[in-house]
Amino acid sequence: MARRLVVLQSSANAPESGRVVGKVWLVGGGPGDPDLLTVKALRLLQSADVVVHDRLTPQPVLDLAGPQARMIDVGKRKSRHTLPQDDINALLVALALEGLKVVRLKGGDPFVFGRGGEEMQACREAGVPVEVVPGVSAALAAAAGAGAPLTHRGMAQAVTFVTGHAASGQAPDLDWNALASANHTVVVYMGLSSAPIITARLIEAGRAASTPVLAVENASRPDERRVLSTLGQLPSALSGIDGPAILIIGEVAALAEDATLLDQVLERVQA
Ligand SMILES: C[S@@+](CC[C@H](N)C(=O)[O-])C[C@H]1O[C@@H](n2cnc3c(N)ncnc32)[C@H](O)[C@@H]1O
């Protein structure tokens, strides 16, 4: 059967013919340790004309950009608010239409709770070439650093990544029955403020209050901190954690090494 070639490019916003268009690379910058960048990410950083990054991108990662690169922080404005996503999309497109090699450096992996999909679509719609370079997501770095495998024979046959982000006081819109099933690791991104609601929902749905939970703050960075507790104790275990943190919920969390046990934290605090 004859195959038809389909060219996936929008004509509405496509650049005028003859104009030299640059390219956007959506690059996973990893969890913070520059040694966890991929070789491809490093090469792109060294050769980019422009690096568009977030406010919290660690300096050791930014320092790997070549001296020619113009660094644009989309998190720094007079109002101290992050640039709205639509403006970031428009910026990436405009820079590439100037013929520049643009690295959009994202924390972790661009396609894991990173809004990389929206940036990719904006480039496609504008006819700007775009490539995605995967990165080490925070969950993977947290699990590796702690020695708590996300899946483990006989303990966890599945792992689910969820966002804990929700409107203030509300539960994230998740399938709690599915998440409460045994032999299953649940990794929560952005879950610090909603941790009390998340734990309550999981326990209501049948997950044991004694299920181990590992909280990892600043995974892979010099100030990384780990606290091991249980689902029932989680809200008190998190007091004092305010940096970016991942929650690893499930039996595998108990395999973590060097984690401070909640009981020890409480003993110290109450002494
Ligand atoms: C907007 S999401 C971005 C996730 C990112 N795309 C990834 O793949 O890791 C931000 C959340 O990721 C988690 N996170 C990012 N970096 C982290 C780190 N170094 N240690 C622990 N959690 C981290 C936190 O839950 C934080 O609130």
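Which residues are exposed on the other side of α3? In this predicted model, the exposed residues there are D86 and D87. The rest of helix α3 can be described around these two positions.

Helix α3 covers residues 85-97 and has 13 residues. At 1.5 Å a residue, a helix of this length should span 18 Å, and the end C-alpha atoms of α3 are 18 Å apart, so the expected and computed spans agree. The buried residues of α3 are I88, N89, L92, V93, L95 and A96. Viewed down the helix axis, these buried residues fall within an arc of 165 degrees, and therefore they line one face of the helix. D86 and D87 are exposed on the other side. Several elements take part in covering the buried residues of α3, including the strands β1 (23-28), β2 (50-53) and β4 (101-106) and the helix α4 (116-125). After α3 comes G99, which has a positive phi, near 90 degrees.

Positive phi values also occur outside glycine. Most residues other than glycine have a negative phi. R115 is not a glycine, yet its phi is positive, at about 60 degrees. This residue lies in the loop between β4 and α4, two elements that help to cover the buried residues of α3. R115 has 14 C-beta neighbours inside 10 Å, so it counts as partly exposed; a residue needs 20 or more such neighbours to be buried and 12 or fewer to be exposed. S220, also a residue other than glycine, has a positive phi near 75 degrees. S220 is placed in the loop between β8 (212-217) and β9 (225-230). Because S220 has 21 C-beta neighbours inside 10 Å, it counts as buried.

The ligand is surrounded by 22 residues, of which G108, G114, S137, A138 and A219 come nearest. Two elements, α5 (138-146) and β10 (245-249), each give two or more residues to this shell. By class, the shell is made up of 12 nonpolar, 7 polar and 3 charged residues. Residues of the shell come from both domain 1 (23-133) and domain 2 (138-270), so the ligand lies between the two domains.

Taken together, the model shows a helix, α3, with its buried residues along one face, two residues other than glycine with positive phi, R115 and S220, and a ligand that lies between domain 1 and domain 2.

Key: Residues are numbered from 1 along each chain as its sequence is written. This is a predicted model: local features need pLDDT of at least 70, side-chain atom pairs count only at pLDDT 80 or more; totals for chains, interfaces and linings use all residues. A residue is near a molecule or strand if its C-beta atom, placed from the backbone, lies within 6 Å of it. Helices (H or I, at least four residues) and strands (E, at least two) are DSSP runs, numbered from the N terminus. Ala, Val, Leu, Ile, Met, Phe, Trp, Tyr, Cys and Pro count as nonpolar, Asp, Glu, Lys and Arg as charged, and the others, Gly among them, as polar. Domain bounds come from an automatic or database domain assignment. The expected span of a helix is 1.5 Å times one less than its number of residues. The arc is that of the directions from the helix axis to the C-beta atoms. Two residues are in contact if their C-beta atoms, placed from the backbone, lie within 7 Å.
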